[in-house]
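Colleague: Please take one part of this model and look at it closely for me. Then show me what lies around it, in words a first-year student can follow.

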Amino acid sequence: MTDTVQTPTRPAADAPTAPEQQLPTATPAAATPAAAGPASVTPAEDVAAVATAPRRRRVLLHGRGLFGLLLVGGILLLGLFAPLLTPYGPTEQIPGANLLPASGRHLFGTDEVNRDVLTRALYGIRVDVLVVFVAVPLGALLGTAAGTLAALIRPADVAVQRIFDVILAFPPIILAIGVTAILGAGITPIFVVVVAVEIPYFGRLLRSSILTLRELPFVEAAEAIGASRWWILRRHILPNSAEPLFVQLALSMSIAVFLESAMSFLGIGVRPPEPSLGTIIADAVSDLDTAPMQAVGPLLLVTGFVLGFQLIAQAVGARRRI
Amino acid sequence: MENNGISRRSLLAGLGAGGALLLAACSSAVDEAGSGASAGPTPKAGGTLKVAIPDDLIPKNLFTNSNTAITALIGLVYESLTRYPNDSIEPKPRLAKSWTASADGLSLTLQLRDDVVFHSGRAFTSKDVEFSIKAYADASWHAQGQLQSTAKAVTSVDTTDPHQAVLHFAHPLGNIFDLLDTVFIIDSETVEDIKTGKGFVGTGPFTFKSWTPNSSLVFEKNPKYWQPGRPYLDGVRIGIVPDTNAIAAQLKSGQVDFAEGVSPRDIEELSKDAKKFNKTTLAGAEQQIYVGTNVTAPALGDVRLRQAIAYAIDRDRIISEVFRGNGYATNLPWPKYSVAYDAEKNKRYAYNQAKAKELVAQIGTLPTIPYTYNTALPVYAATAQIVQANLAAVGIKVELEPVDAATFVKQLIGAEFKGIWTTFHSWAQYTPSTLVVSAYPFNALHNASHFTSDDYTSASQAAWKQPDGRSDAAIAEYAKVSDELLEALFLVEIGVIPFQWVSSTRLSGLSYTKRWELDVTNAYLA
Amino acid sequence: MLRYLVRRVPSAVLVLFLASVLIFAIIRLIPGDPATSLAGSDASPEAVAAIRHDLGLDQSVPSQYLSWIGNVLTLDFGQSYSVGGEITSLVADGFGNTVILTLSALLLAILIAAVVGPIWATTRNHWLESAITVVNTISVALPTFVSGVLLVLLLTVIFPVLPSAGIPPDGMFARLDITAQYLVLPALCLALPVSAVLSRFLAETLRTELRQPYVLTATALGVPRRRLLLRYAMRNALPTTVTVIGLQAGSLLGGAVLVEAIFAWPGIGQLIEQAIGRRDYPVVQVLLLLSVFIFVVIQLLTDVVHALLDPRVRIGGAQ
């Protein structure tokens, strides 16, 4: 019984411990005052969520959900169509264009090796896209698998839980510094860090989902009539966890954008001469007084990206509690 | 920045209600040090010089001159026997008053000053000369001085007369005064304190007061200094500020009057305000930026590829854009004032894309070449990216491999670079033979390029063993070394870059040695 | 209560142990080694071997681990390879600076939340509520380095009223008014997302609280709304809020590394980077272990405080 007692507080409480922008109110098994109480509240909501699944799509079509979707989509398109939007290449060094201030020709100015900063910012989005849509789902998959394993196989539970604890105990940025020291700068350490950071969140989420759902009458009934474990998992547990997983996915994507740009900002991310939003910002910091647009442009893109995913998570998460 | 139209005080008054900013009204840290008035014509005694530098002290590396904390400490606390003027290699007296060399070049007799005492109060004698040279060559230090081979060639020191030291050599040493300019005199009684960083006792104008790791170094005036009336300053307080932007900010706000480690762009920006800041270009204390090649790596064994690289690099662009015009392009390591400098030889690989393309075409298909650089300084990344673009333009593809300083040094020592690399080297500002027997990338016997050649080895040894490093015979030998370097081309020089310092106009009399050690013996604050 | 604590301790110790093994192993995977990085670029192989022996690096890795962890348990953190002094004072300086920064940030965040939360929960002004919502959402989403750069741009470049980076040159405690000015920007930058999370959380909790039947009853009995809010609703909202504060405090440490990089604040982040740069194994090990230790302790404390304030958890835990 100890495990289920912990579930209402633990996953909710742990989620916001990664990068600070994790929002408890938007976190799955949410830390709303109600959820902090008896454990039965969350699963009941989940059951309701299954019944009204199509409404999830609707929350993304108005209000903050729509705004988030537009932000993410818009920035994605900017990255995708970068070659059409700018006459320069991302690593093209334009003769004589050294540290030019922002102008009609170069909206964000040029950098110290004569590249157009706007071009680099647009192409820089692509790195984030890669991290968001490859590394995060990979981490989610691994975490979900680990969480399922922990919930279904008793002996594995303790080990998996402690491994999650250990990963969570390292602040992500410090973890990133360590991993990069071993692997060298580049896209690989970013992937490793993002995947490692995401695993415990998804793992804990699924584990607690399964443990609480297992106690519910309809699952017990299925067990009683002889349904196999995997059938129950596929038929009842995963569909009922889908929505919190979706919320966590959106949150994790915003964290991934943050992590990538923060690592690049610290000089332990993407390798030069490839562009990354974080690198551009880091380079621009020393020239804030003379070329503020060089920093402000990429800052807006990063913020928009992070904000967009957060809004999507909030919209879906908030609807669950109504 | 000063002329934004709104006075700070009124702005503060306006913002006064906003909680934390209220504090700013008490006394602003931005205004704290006040604006600098221009320096008066006569030196003024007193005052503590506040300095910001980016590096922390690593006591066991004291003999390496490897970072700004070490060079500042050596310059303040210690002194050498002789000293070169910054623009030549003609030795001048310092702790040694005069000297005579034997005709065979196998010994050197130094007359020492008799009015010098260590900070501990003990008199300086010839025994200290012997001790310091031995310590410099001693392997028990974690990091040894680069002139080790020369220090080891000093076989014995005759110390019978406390005010005369007779140095005996294994063979003539054309660069002996480089060693005497570099080796600083340490106190034998307190040498263990150096290794732990507890104390540094020398004979210099300032005494070491304290070191707080990662935070500060404090020095006080040496009241018993042998130069009468010097130093003017009461003390020097050095703050260790690893962030170069923060260093520039401290200069701008007047919290410090002198800084090292400011980026070329910040120096350019600050020195535009001539009323507030002085730029000191350390002519005579240069470093060379270069592209090294591992001649055993795929394709790089072909000298035509190395020549193509040498032709392809747009050196003038790198000097003007990365180093903001501070320095000049070269094909050989020697700075312009060096006895080995030859303007003609220096044009051998002038920027010529057509020639580079032609050479690449002759070679045929090329693999992608790894290009390693050190992430410690932004100028390396910028240089590497320009070189990468230059090489791409003539059909040579390279992939950048940024590594941190520790990894870079390990690969340099171990000759582990997989292709080409970029960093600074130094020692070309001294007697030319010092470079080829001491500086790691050029060492004929063992270098990071895996380059060996009997001709190069014999040329560099012949240059080193000249009795007089400035004689015509020696200069002829240096020319041979230069020819070898241009032919073999295992290092592609980009340019000679002098160090640059920025100080506020309150500070006058700032000086330096050829190893960029801080010299504020004659400095004063307005 | 004690039993609850005792039950939670073993897993915390296990996490610390696993983390120590992981830290020890990870550091030895970093390419480059301390001996060559100390020896400099002209060292002979013999000199490097001598340094390796000096530092005990020629022993087997498990025996190195055992001697390290044994020393750590007796609070002997060893010597720094590069600096040559005791690690304790080196780490204490850097950590002290980080603690000053994070505590100021936490305090600032709690202050902001304590003001914004109740206003947000009770305001009937639609515009005010929307404004708070928008600012809050952006504050949550704004990565620390973004807000840091913007703050620097605003308050040190456009309006140069505050120092942009570093710590007071004369030390932290020499002039408190000067120290405060250096502290404002980094602390604010670090506090911003935390304060946003806290205010939103507090506001939602209060709103739920104010919908409870007892509030209706009390209102009907004429208890003033302000008193209701401050006296009853706030008290009931406290337990969960403390949990969230605790967890945010744990995350502040990670955020501090970034903020320190922007504002050149010489704390733990700078120390770790420098120590990794010099391959100063003992320093890196201690710093990483310390940050894990702090995280684990904060979690433990949070659980305990939460249990203290909310009997349900305590009783449930005892079952």
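Modeller: I will start with one strand of chain B, then move outward from it.

This is a predicted model: local features need pLDDT of at least 70, side-chain atom pairs count only at pLDDT 80 or more, and totals for chains, interfaces and linings use all residues. Residues are numbered from 1 along each chain as its sequence is written, while chains are lettered from A and ligands numbered from 1 in the order in which they are written.

The part is strand 17 of chain B, residues 491-504. Strands are DSSP runs of E with at least two residues, helices are runs of H or I with at least four, and both are numbered from the N terminus. How much of strand 17 of chain B is buried? The count is 14 of its 14 residues. Buried means that 20 or more other C-beta atoms lie within 10 Å of a residue's own; exposed means 12 or fewer, partly exposed is in between, and C-beta atoms are placed from the backbone.

Now its partners. Two strands pair if DSSP finds at least two bridges between them. Strand 12 of chain B, residues 277-293, is joined to strand 17 by 12 bridges, and the two run antiparallel. Here Phe277(B) has Ser504(B) as its bridge partner. Strand 11 of chain B, residues 258-259, also pairs antiparallel with strand 17, over two bridges. There, Ala259(B) faces Val502(B). Strand 13 of chain B, residues 328-329, makes two bridges to strand 17 as well, again antiparallel. In that pairing Ala329(B) stands opposite Gly495(B). Strands of a sheet pair through backbone hydrogen bonds.

A helix also meets this strand. Helix 9 of chain B, residues 264-271, has six of its eight residues buried. Among them are Ile267(B) and Leu270(B). The buried residues of helix 9 pack against strand 17, strand 12, helix 8 (244-252) and helix 13 (378-393) of chain B. Such packing rests on contacts: two residues touch if their C-beta atoms, placed from the backbone, lie within 7 Å.

Chain B also holds an open sheet of four strands, in the order 4-5-7-6, with antiparallel pairing. Its edges are strand 4 (96-101) and strand 6 (154-158), each paired on one side only. On average, neighbouring strands of this sheet are turned by 20° against each other, direction ignored. Axes are lines fitted to C-alpha atoms, for helices over the stretch in contact, and angles run from 0 to 180 degrees between N-to-C directions. Strand 6 meets strand 7 (residues 164-169) over four bridges. Val157(B) is opposite Leu167(B) there.

Next come the cores. A nonpolar core is a set of buried Ala, Val, Leu, Ile, Met, Phe, Trp, Tyr and Cys residues joined through C-beta atoms within 7 Å. The largest has 287 residues, and Val194(A) and Ile281(A) touch the most other members. Helix 8 of chain C, residues 176-210, gives this core the most, with 20 residues. Beyond four places in sequence, Ile281(A) touches residues including Phe265(A), Leu299(A), Phe145(C) and Val149(C). Another core, of 55 residues, lies apart; Leu300(B) and Tyr349(B) are among its members.

Last, chain C. This chain has 13 helices and zero strands. Of its 319 residues, 53% count as buried. Its C-alpha atoms fill a box of roughly 85 × 60 × 35 Å along the principal axes.
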